[in-house]
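Pull up the model and have the sequence at hand. Here is a quick walk through the fold, its cores, one pocket and a handful of residues.

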Amino acid sequence: MMKNSQAQSSSSFVKFCRKLSPKRKDSSAETQHNINDDHYKNRDLEAVFAYMDADRDGRISPHELQKSFMTLGEQLSDEEAEAAVRLSDTDGDGMLDFQEFAQLIKGDDEEEKKVELKEAFRMYIAEGEECITPRSLKMMLKKLGESRSTDDCRVMIRAFDLNADGVLSFDEFALMMR
């Protein structure tokens with residue numbers, strides 16, 4: 001039960017941050033885009049933190065967290081707010097300082113990326129299998145409009161097949177996607 005409410009409050013955090021900080025587009029080169037994206041994420045995170053820190057003491061209490069959610073039409077129970085703070089409160093003061101808040105949000109981002117990666121992985125595996133085979137890769141590439149031979153797919157898999165078993169596990173796929 002506690003784990004479920006933690007997951008709910010985590011997804012609520014992500015929604016909350018998106019409402020306060022819409023994604024920005026950058027049309028410059030890829031490296032510059034990544035630098036700007038990180039800069040905007042940090043600036044956006046600081047703005048979200050400042051918004052939630054109603055009494056401007058540099059820390060977010062469970063009550064401030066709950067009030068911030070209510071302002072945006074999201075419901076967060078007393079227990080969920082306290083659990084969310086307790087999960088990231090590394091110094092034990094019952095509040096979130098900026099670093100603790102940032103770690104909480106980044107943790108949500110990582111979890112979200114992992115879920116998306118698992119969904120992508122599932123697209124490449126054949127029904128009843130647990131890994132990407134040359135045959136399943138060939139079928140998916142064909143669906144995407146790219147015709148490759150099974151041998152081509154074996155070569156593609158070999159490049160990321162760390163244990164040389166001829167298939168890609170989820171962990172190998174995740175490394176490939178970095």
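What follows starts with the whole chain and then zooms in on single residues.

## The chain as a whole

Keep in mind that this is a predicted model. The chain holds eight helices and zero strands, so reading from the N terminus you simply get α-α-α-α-α-α-α-α. Of the 178 residues, 34% count as buried. If you take contacts between residues at least 6 apart in sequence, 47% of them join residues at least 24 apart.

The UniProt record, an unreviewed entry, lists "domain: EF-hand" for residues 40-75, 76-111 and 148-178. Looking at the span 148-178, 55% of it is helix and 0% is strand. The C-alpha atoms at the two ends of that span sit 23 Å apart.

## Two nonpolar cores

Which residues touch the most other members of the largest nonpolar core? They are Met 52, Ile 60, Leu 65, Leu 96 and Phe 101, out of 16 residues in that core. Two or more residues each come from α2 (30-52), α3 (62-71), α4 (78-88) and α5. Apart from this core lies another one, made of twelve residues, including Ile 125, Ile 132, Cys 153 and Ile 157.

Leu 96 is a handy place to look around in the largest core. Skipping neighbours within four places in sequence, Leu 96 is in contact with Phe 49, Gly 58, Arg 59, Ile 60, Val 85, Ser 88, Asp 89, Phe 101 and Leu 104. Two of those partners, Ile 60 and Phe 101, are also on the list of residues that touch the most other core members.

## The second largest pocket

Next, some empty space. Rolling a probe the size of a water molecule over the atoms shows where such space is left. The second largest pocket comes out at about 340 Å³. Which helices each supply at least two residues to its lining? Those are α5 (98-124) and α8 (170-177).

The full lining reads Glu 110, Lys 113, Lys 114, Glu 116, Leu 117, Phe 170, Asp 171, Ala 174, Leu 175, Met 177 and Arg 178. By character, that lining divides into five nonpolar and six charged residues, with no polar ones.

## Around helix α8

Leu 175, one of the pocket-lining residues, is in helix α8. Is Leu 175 buried, partly exposed or exposed? Its relative accessibility is 41%, so Leu 175 counts as partly exposed. Leu 175 is 13 residues from Leu 162 in sequence, and their C-alpha atoms are 9.8 Å apart in space.

Met 176 lies in α8 as well. At 26% relative accessibility, Met 176 counts as partly exposed. Not counting residues within four places in sequence, Met 176 is in contact with Phe 160 and Leu 168. Met 176 and Asp 161 are 15 residues apart along the chain, with their C-alpha atoms separated by 9.3 Å.

## Loops with a positive phi

For anyone checking backbone torsions, Arg 56 has a positive phi of about 55° although it is not a glycine. Arg 56 is found in the loop between α2 and α3, and its relative accessibility of 58% makes it count as exposed.

Ala 164, not a glycine either, also has a positive phi of about 55°. Its place is the loop between α7 (150-158) and α8. Ala 164 is exposed, because its relative accessible area is 67% and the cut-off for exposed is over 50%.

## A buried threonine and a lysine on α5

Where is Thr 133? Thr 133 lies in the loop between α5 and α6 (134-143). With 13% relative accessibility, Thr 133 falls under the 20% cut-off and therefore counts as buried. Leaving out residues up to four places away in sequence, Thr 133 touches Ile 157 and Val 167. Ile 157 is among the members of the twelve-residue core.

Lys 106 lies in helix α5 and counts as partly exposed at 43% relative accessibility. How many residues lie between Lys 106 and Leu 45 in sequence terms, and how far apart are they in space? Lys 106 and Leu 45 are 61 residues apart in sequence and 9.9 Å apart in space, taken C-alpha to C-alpha.

Definitions and conventions
Residues numbered from 1 in each chain as written. Predicted model: local features only at pLDDT ≥ 70, side-chain atom pairs only at ≥ 80, totals over all residues. Heavy atoms only, no water. UniProt positions renumbered as here; feature names shortened; annotations may be inferred. Helix = DSSP H or I, 4+ residues; strand = E, 2+ residues; numbered from the N terminus. 1 Å grid on protein atoms, 1.4 Å probe; cavity = no way out; pocket = protein on both sides within 12 Å on 5 of 7 lines; lining within 4 Å. Points joined across faces, edges and corners; volume = space filled by probe spheres on them. Nonpolar A, V, L, I, M, F, W, Y, C, P; charged D, E, K, R; others polar. Core = buried A, V, L, I, M, F, W, Y, C linked by side-chain atoms within 4.5 Å. Buried < 20%, exposed > 50% of the residue type's maximum accessible area, 1.4 Å probe, protein only. Contact = heavy atoms within 4.5 Å.
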